[in-house]
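Q: Got a minute to go through this model with me? I'd like to start with how two of the helices pack.

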Amino acid sequence: PYREGTKCKFWTLRGSGTQRCNRKAAMLRWLVAVATVVVRSASCDAVNDGTGVVLDMDADSFASTLQEHPFVAVSFTASWCGHCKRLEPEWAKAAEILATHKNDPPIVLAQVDCTADKNAGLTKDLDITAFPTIIVFRDAATDGEVYDGPRVADGIVDALRTLAAPIVEPMKNVHEVRAFVRQDPVVMLAAFEPGAAGLKVYETAARHADIRFGLVTDASLLPELDLPGEEDIVLMYRSFDERIVRFDMDFTVENLKRFVDAKSLPLVAELDKTPENRNILRRVFEFRAPKIIAFINFKNATERDGIKSAMRDVAALDETKYRFVLGDNAENEAAMKYFGVSPDLLPAVVLHETETDKKYILHRAEPKGIAPWLAKYDVGSLDPSFKSEEPPNSNDGAVKVIVASTFEALVTGSKANVLIEFYAPWCGHCKKFAPVMEKVGHKFASNDAVVIAKMDATANDVLDKRFIVKAYPTLYFYQAKTSKVILYDGDRSEMHLIGFVMKHSGETVSHKEDL
């Protein structure tokens, strides 16, 4: 894996702070592409790598670029940062998408290399302490807004479009209003007279939302309703569940934000790849609440409708406690494998804790059993499920085979020091590295204080969160005496690995002539 510095972090959506990028987040990337335009800047160099145009800014061109463009999203990167390298092609792809469409104001994507000496002062002035950090600058102001949205191309475009659009979109006639409520799966639409006290609250809430907010000054323009003479009306129009939902709480920013969180997603979303559903699913999986995902044979309508109805009943009790998703097993085999769901034990319901990555599985689920099962989770009486291969019948090789169910006993609970490789069977680097591990294993074969081991990280969950696996192969050393977990990020040669093991274990190889 790449060398990861202490400040190399990945920011996540919706104010959840910073956390290290997880390879498993790919399962949650259901996104929708939207459109804007990128304009080249004459005050800095344009870099085109074949997938899009990104402005290459530095301390000299920074102020003039912000003066020239009203909306600039800048990625502050470090050349050694693995997350920055992962973001780079997505950033370029987003630029390509933006360049094929129109938006007012134009959205410009740029990048600054914070490791360049000339940019050190700029990096310090903007208090850049984590990489990559993305900041949105508006109207030549140098005190930008930290972007904490998606880091894949479609999601970047979607989020930047929302940020670049007017906070609230005004409409003057029924044709504009009807088009507005039909364009997206969910939108907010309000009727306020000019200068109304509630308008400021509405605009502030819109700034923090990831759905569009519209505005009319005449309530008679609100479609699909008859509200003559009413004022200060706030509605949500949806393409799912109840079509129109009216905001009827005390009119505060926090209440309106809670309303948007609770009502802007269906009680039960469907796990498919249709373009119209991608935006909804992206927002479902980005929501911090645990996800309840049911895998069902959609050809069995009775089974599908029964499970869905049971999930809706639970969801309706508290719309933000969980997020419910229903998927056809035939269309979601990869997701089932990821969560460890057995195809022979369907229907199955998975509870996935987003923050901890813990999974709880109810196989052969019945509609009447879902609510009691979740009630057990609420009081802490459910044990997490985990994906594990069966232990091998024989484990006498130079490299010991570890599975999830034996990890504690053979690694963190062992009295021996353990060098363990997390690999993927399909990984070319892992295949090339396997003979090296075998040689290292043979060198320590007669030393009971050292174990050389491997685990297929695609078939087994890594339950101990000290072992962070983001790439293959990833190697860790477990030091038995101190229980310390040490990432190996050196050269993958036999000599370097032996030296690493000897250094941290205090042990030597089986025979001195092997050194």
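A: Sure. In this predicted model, the crossing of α6 and α7 is right-handed. A crossing gets that label if the near helix is turned clockwise from the far one by less than a right angle, and left-handed if anticlockwise.

Q: Which residues of α6 and α7 meet there?

A: From α6 you have Val201, Tyr202, Thr204, Ala205 and His208, and they meet Val253, Leu256 and Lys257 of α7. Contact means heavy atoms within 4.5 Å. The residues of that α6–α7 contact divide into five nonpolar, two polar and one charged. Here Ala, Val, Leu, Ile, Met, Phe, Trp, Tyr, Cys and Pro count as nonpolar, Asp, Glu, Lys and Arg as charged, and the others, Gly among them, as polar.

Q: At what angle do α6 and α7 pack, and how far apart are their axes?

A: Helix α6 (residues 197–208) and helix α7 (residues 253–263) pack at about 45°, and their axes are 9 Å apart. The axes are lines fitted to C-alpha atoms over the stretch in contact, with angles running from 0 to 180 degrees between N-to-C directions. That makes α6 and α7 oblique to each other; under 35 degrees would be roughly parallel, over 145 roughly antiparallel, 65 to 115 roughly perpendicular, and the rest is oblique.

Q: Any ground rules on numbering and confidence?

A: Residues are numbered from 1 along each chain as its sequence is written. Local features need pLDDT of at least 70 and side-chain atom pairs 80 or more, while totals for chains, interfaces and linings use all residues, and side-chain values use heavy atoms, without hydrogens and water.

Q: Switching topic: how many helices and strands are in the protein?

A: There are 14 helices and 23 strands, taken as DSSP runs (H or I, at least four residues, for helices; E, at least two, for strands) and numbered from the N terminus.

Q: Val325 next. Buried or exposed?

A: Buried, with a relative accessible area of 0%. Buried is under 20%, exposed over 50%, partly exposed in between, using a 1.4 Å probe and protein chains only. Val325 is in strand β16 (residues 323–328).

Q: What does Val325 touch beyond its neighbours within four places in sequence?

A: Its contacts include Val268, Leu271, Phe285, Ile293 and Met311. Val268 is 57 residues away along the chain, yet the two C-alpha atoms are separated by 5.2 Å.

Q: And Ser75, where is that?

A: In strand β5 (residues 71–77). Ser75 counts as buried, at 2% relative accessibility. Among its contacts are Leu87, Trp91, Gln111 and Pro132.
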